[in-house]
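I opened my notebook with a simple plan: look things up one at a time and write down what I find. Come and read along.

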Amino acid sequence: MPGTGDPDSLDPREGRAPQEDRTQFSALLEDSAEDLYEHAPCGYLSTLLDGQIAKINTTLLDWLGYERGDLVGRKHFSDLLTVGGRLYHETHFAPLLRMQGEISGIALELKAADGSRLPVMITSTVRTGSDGQPLLVRTTVFDARDRRAYETELLRARQEADLERDRLKLLNTTLQKTLLPPALANVPGLDVSAHYHIASVDEVGGDFYDLFPLAAGTWGLFLGDVCGKGAGAAAVTSLARYTLRAASVYDPDPAAVLANLNTVLNHEYTGTDPRFCTVVFGVLTPDPDLGGFQITLASGGHPPALLMRADGTADYLPTPGGQLIGVLPDAHIATTTVRLAPGDTLLLHTDGLTEAHTIAGGADRYGDDAFLDFARSLAPTTASATVGAVRDLLDTFGTGVDDDTAVLAVHVPRPTGEEQQ
Amino acid sequence: MTQHLTLHTRTTPAGAVVELAGDLDHRTAPEVRAALPRLGIRPGQQLVLDLTGITFCDSSGITALIAARNYALAAEATIALAAVPDRVSRIFRIVGLDRVFPTHPTAQAAQDSWQPTPD
């Protein structure tokens, strides 16, 4: 122990008269060996080789609440242990001590006289005679109550952190769900399917989609991607969703809807924290003469939609010149109109899919060309088959998908009896 | 998984040239935004972002470039991009930013194109 009994700290060679130092030193340590043993700040215990207690210091007796006569010559060390501790002592502690001659830093619980338990740290050495034969075992016992309390506190803090993280994940998932429609509208004569892939439960992504009725038998749909992640992105996602719904009621022209969204976002977010989204907005109009639908798509800088036709061909529907929404005061919005004939499937996606790493941890990303090949291999198809195939594709990428991904597919079924699977 | 981003800034009479290398994504984009106020752009100058070493750019990366543009415009300066990799220029075409950022084949070409505004 520092200060009290370490003769090295009072080295007589350090200048002062050696005799004077020796006197002071002896005065300090008056009958020290015995007192140090008995009242050391740790417990001392000597046991015979069979574990019988031969000697024990006052400190340890006080901790345990025993009289010396209760233990010396009467009890074994293992009698002081709990049942679990005794097992551990028999199977690990004692054999290791025999083998190595010493063992240190073992955490055990001692039973006090009143039945209470004292967490301790034990170090034991075997004392051998001049012939090398083991004579007895010397053990120091350190009070580990503070340490145990500290560990319990650590464990509790960790459990609390785990709980908090679970709560946050739940909150994120809930928030994510509120950004998506609970159910897509049921459009007569149209097969609709969608999927949202959450890349990380720790960070809310910013993909969104919806399909909903507009006036006079027409239908609106949109799919978009807000830049960034987290609460900031979620706020923009929410604003974008409701602005699109409201703007399309006021004027359903797809270019006008996106122009309105652009104005709203541009007013809201400027400077060094710009927020933008890319989005496709479409209006579906049933074609009573030819069957199927006419769809007008407006794109604000979003990856082009894929059309998988009834004849087995597939192509992107480019909308060149469209600009992302929210950062330019007068963003250009490009539109295209196509007919969705019976058997055709239109697929909208966000770039979480095409930017996914094809192998988790790899450098290669999936890409637009591979996605077009994928669509060509599916066509002709249906909405649910397409979304099912995309889900399988995302599964093969595993954790290579590092951004959220949304897909929305609409399909015009062939007249009954002609539908291909 | 993704590569880190490195920024090297040098000052020319035409304005700061920032060389970016690595992945420009949601993890690294804040570094670009944080670097903007330290560039000391003066009115009439041109901020050049040299993208030669950019290996990936996602929507957050684009946000950083837009933030740089907003910063330059607020300082009454202009912005130009140099050596835009094919991957990035393809994304720029999709999001329609190819008509918003003047681009040059090299940083030197960008500097050469700069004309001091007559006061």
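These entries go through the sheet, a helix, some hairpins, the salt bridges and then chain B.

**Entry 1: the sheet in chain A**

I began by noting that this is a predicted model. Then I looked up a sheet in chain A and found an open one of five strands, in the order β7-β8-β9-β10-β13, with antiparallel pairing. Which strands stand at its edges? I found β7 and β13 (334–340) of chain A there; each has a single partner strand, so one side of each is left without a neighbour in the sheet. From one strand to the next, the twist averages 15 degrees.

I also checked one pair inside this sheet. Strand β9(A) is joined to β10 (residues 293–300) of chain A by eight bridges, and the two run antiparallel. As an example, A:T285 has A:Q294 in β10(A) as its bridge partner.

Next I asked what packs on the sheet. Helix α8(A) does, touching β9, β10 and β13 of chain A, and its direction makes about 150 degrees with that of β9(A).

**Entry 2: helix α7 of chain A**

I found α7(A) lying across β7, β8 and β9 of chain A, at about 20 degrees to β7(A). I then compared its length with what is expected. With 21 residues at 1.5 Å a residue, α7(A) should span 30 Å, and its end C-alpha atoms are 31 Å apart, which agrees.

Which residues of α7(A) are buried? My list includes A:G230, A:A233, A:V236, A:A240, A:R241 and A:L244. What covers the buried residues includes α6, β7, β8 (219–226), α8 (254–268) and β9 (277–286) of chain A. I kept A:R241 in mind for a later entry, as it is on that buried list.

**Entry 3: three hairpins in chain A**

I looked at the β3–β4 hairpin to start. Strand β3 (residues 102–111) and strand β4 (residues 117–128) of chain A run antiparallel and are joined by eight bridges. The partner of A:I106 in β4(A) is A:I122. Five residues lie between these strands, and in this hairpin A:G115 takes a positive phi near 90 degrees.

Then I followed β4(A) onward. Nine bridges join β4(A) to strand β5 (residues 134–143) of chain A, again running antiparallel. Here A:I122 turns up once more, with A:V141 as its bridge partner in β5(A). This hairpin has five residues between its strands, and A:G132 takes a positive phi near 85 degrees.

The next hairpin I looked up is made by β11 (residues 305–308) of chain A and β12(A), which pair in the antiparallel sense over four bridges. A:M308 has A:A314 in β12(A) as its bridge partner. There are five residues between the strands, and A:G312 takes a positive phi near 90 degrees.

**Entry 4: salt bridges**

How many salt bridges does the structure hold over all chains? I noted 18. I reminded myself that side chains of opposite charge can pair when their charged atoms come close.

I looked up A:R156 and A:E153, whose side chains meet at 2.7 Å, N to O. Being three residues apart in helix α6 (residues 145–178) of chain A, they are separated by about one helical turn. A:R156 is partly exposed at 38% relative accessible area, and A:E153 is partly exposed at 41%.

Then came A:D210 and A:R241, with a salt bridge of 3.6 Å, N to O. This pair links distant parts of the chain, 31 residues apart: A:D210 sits in strand β7 (residues 207–213) and A:R241 in helix α7 (residues 230–250), both of chain A. Are they buried or exposed? A:D210 is buried at 2% relative accessible area, and A:R241 is buried at 6%.

My next pair was A:R376 and A:D315, at 3.0 Å, N to O. They lie 61 residues apart, A:R376 in helix α9 (residues 368–378) and A:D315 in strand β12 (residues 314–317) of chain A. Both are partly exposed, A:R376 at 38% and A:D315 at 28%. I also noted a network: salt bridges that share partners join A:E109, A:R117 and A:R148.

**Entry 5: chain B**

I turned to chain B and found four helices and five strands. Along the sequence they follow the pattern β-β-α-β-α-β-α-β-α. Of its 119 residues, 55% count as buried. Chain B exposes about 5,500 Å², and carbon and sulfur atoms supply 54% of that.

Definitions and conventions
Residues numbered from 1 in each chain as written. Chains lettered and ligands numbered in written order. Predicted model: local features only at pLDDT ≥ 70, side-chain atom pairs only at ≥ 80, totals over all residues. Heavy atoms only, no water. Salt bridge = Lys/Arg side-chain N within 4 Å of Asp/Glu carboxyl O. Buried < 20%, exposed > 50% of the residue type's maximum accessible area, 1.4 Å probe, protein only. Areas by Shrake-Rupley, 256 points an atom, 1.4 Å probe, with all protein chains shown as cover. Expected span 1.5 Å × (residues − 1). Contact = heavy atoms within 4.5 Å. Pairing = 2+ DSSP bridges. Axes fitted to C-alpha atoms, helices over the stretch in contact; angles between N-to-C directions.
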